[in-house]
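Here are some short exercises on side-chain packing and ring geometry. Have your viewer ready, try each task, and then compare your route with the worked solution.

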Amino acid sequence: MVKKREPFEFSGHKVAAGSQVSVKLAAAKLYTDTQLDLHVEVFHGTRPGPTLLVCAAIHGDELNGIEVCRLLLGKINAKTLSGTLLVVPIVNVFGFIQQSRYLPDRRDLNRCFPGSVKGALASRLANLFASQLIAHATHIIDLHTGAIHRDNLPQIRCDTSDDTMLTMAHAFGSPVIMHSKARPESMRGYANSRGIPCILYEAGEALRFSDLSIKSGLKGVTNVMRSLGMLKGRVRNKNNCVRALRSYWVRSEADGLVNMKLKLGQRVSKGYIIANIVSPHGGDAVAIRAPTDGIIIGISNIPVTNEGEGMFHIAQFEGDEIEIANEQLDEFLMEHS
């Protein structure tokens with residue numbers, strides 16, 4: 001006789017094996033005394049396995065991850081799940097309401113971990129998330145987008161020297177993996193400091209839905225769940241992700257209007273003109289050239305600039321890996337078109 005799995009105890013709730021429970025964690029109140037809650041969907045599988053935390057909108061204006069979480073909720077059946085899945089579609093509920101990256105006091109929640117029960121709002125919310133959610137997780141996927149007016153190519157950021165995180169990153173299936181050490185005060189940095197592997201998915205632009213970002217994000221999360229043995233079936237990933245050696249921002253060398261020559265996801269060659277800066281009153285253009293070979297993984301969508309502002313985020317690759325990355329990117333875009 002197979003022994004029935006023990007319930008999952010979470011914030012005063014006992015979630016029976018093979019069931020789904022919606023839990024509301026009291027986060028804080030608005031000035032109007034209206035309660036705001038952190039909504040957590042708990043899926044407790046019938047078989048043992050990891051506890052995966054999937055979260056989005058730690059920056060309140062980053063919306064693609066919220067839709068990925070919403071779609072994920074409709075795909076998971078606790079009766080056929082191994083392990084436990086915790087889904088938090090909106091971490092920064094205050095920022096989400098205000099369509100803002102930040103909290104009302106202008107603090108960045110992702111710079112406040114592990115927080116404190118006696119600190120300011122950001123510190124208290126970070127502490128709630130750390131003590132009630134990160135403390136239960138064995139693995140984490142943190143869903144992000146680019147900042148406002150900046151678009152990011154789907155990519156995974158993690159410490160690629162960690163074998164578990166690198167395996168998760170390859171399973172996710174984004175075309176580029178960026179080696180990135182997490183800031184100690186970020187959610188990812190805090191999780192890593194506790195020995196919890198956490199990968200960060202970046203895709204799209206703040207305050208905008210991107211079909212490519214959402215579709216590839218949903219597929220990526222379910223791929224990671226398959227690789228962890230939480231879902232049945234093989235990882236459905238046709239791409240061999242390529243690790244970028246480093247990345248950098250190409251900055252404007254003048255003030256004026258931006259005439260871009262290349263788009264997000266395109267390959268660049270050293271010395272190639274990727275944009276021209278022109279004055280609205282005429283005159284000669286200032287050519288912006290690529291300092292190295294690479295692939296554009298981030299771009300500013302505003303066609304005006306001041307000298308020194310970031311325009312193109314370019315990933316560099318070692319040796320012939322840029323050829324592989326370019327081919328994989330073409331296949332990825334065709335698959336998700």
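The exercises below use this predicted model and go from nonpolar cores to aromatic rings.

**Exercise 1.** Find which residues have the most contacts inside the largest nonpolar core.

*Solution.* Start with the core itself, which has 76 residues. Ranking by contacts inside this core puts Leu85, Phe113, Phe129, Leu133, Ile134, Ile141 and Met225 at the top. Next, take Ile134 and leave out residues up to four places away in sequence: Ile134 touches Leu53, Phe113, Phe129, Ile140, Met187, Tyr190, Ala191 and Ile196. Finally, look for a second, separate core: it has 16 residues, including Val250 and Ile314.

**Exercise 2.** Classify the ring pair formed by Phe113 and Phe129.

*Solution.* A search of the whole structure gives three aromatic pairs. For Phe113 and Phe129, the centres are 6.2 Å apart and the planes make an angle of 85°. Planes over 60 degrees apart count as edge-to-face, so this pair is edge-to-face. Now place the rings: Phe113 sits in the loop between α2 and α3, Phe129 in helix α3, 16 residues apart. Both are buried.

**Exercise 3.** Work out what kind of pair Phe172 and Tyr201 form, and which elements this pair ties together.

*Solution.* The centre-to-centre distance is 4.8 Å and the planes are 35° apart, a tilted pair. Phe172 belongs to helix α4 and Tyr201 to strand β10, so the pair joins parts 29 residues apart in sequence. Both Phe172 and Tyr201 are buried.

**Exercise 4.** Find the residue that lies over the face of Trp249.

*Solution.* Arg150 is the one to pick, at 4.4 Å from the ring centre of Trp249.

Notes:
Residues are numbered from 1 along each chain as its sequence is written. This is a predicted model: local features need pLDDT of at least 70, side-chain atom pairs count only at pLDDT 80 or more; totals for chains, interfaces and linings use all residues. Side-chain values use heavy atoms; hydrogens and water are left out. A nonpolar core is a set of buried Ala, Val, Leu, Ile, Met, Phe, Trp, Tyr and Cys residues joined through side-chain atoms within 4.5 Å. Buried means under 20% relative accessible area, exposed over 50%, partly exposed in between (1.4 Å probe, protein chains only). Contact means heavy atoms within 4.5 Å. Rings of Phe, Tyr and Trp (its six-membered ring) pair if their centres lie within 6.5 Å; planes under 30 degrees apart count as stacked, over 60 as edge-to-face and the rest as tilted. Helices (H or I, at least four residues) and strands (E, at least two) are DSSP runs, numbered from the N terminus. A charge sits over a ring if NZ of Lys or CZ of Arg is within 6 Å of the ring centre and within 35 degrees of the ring normal.
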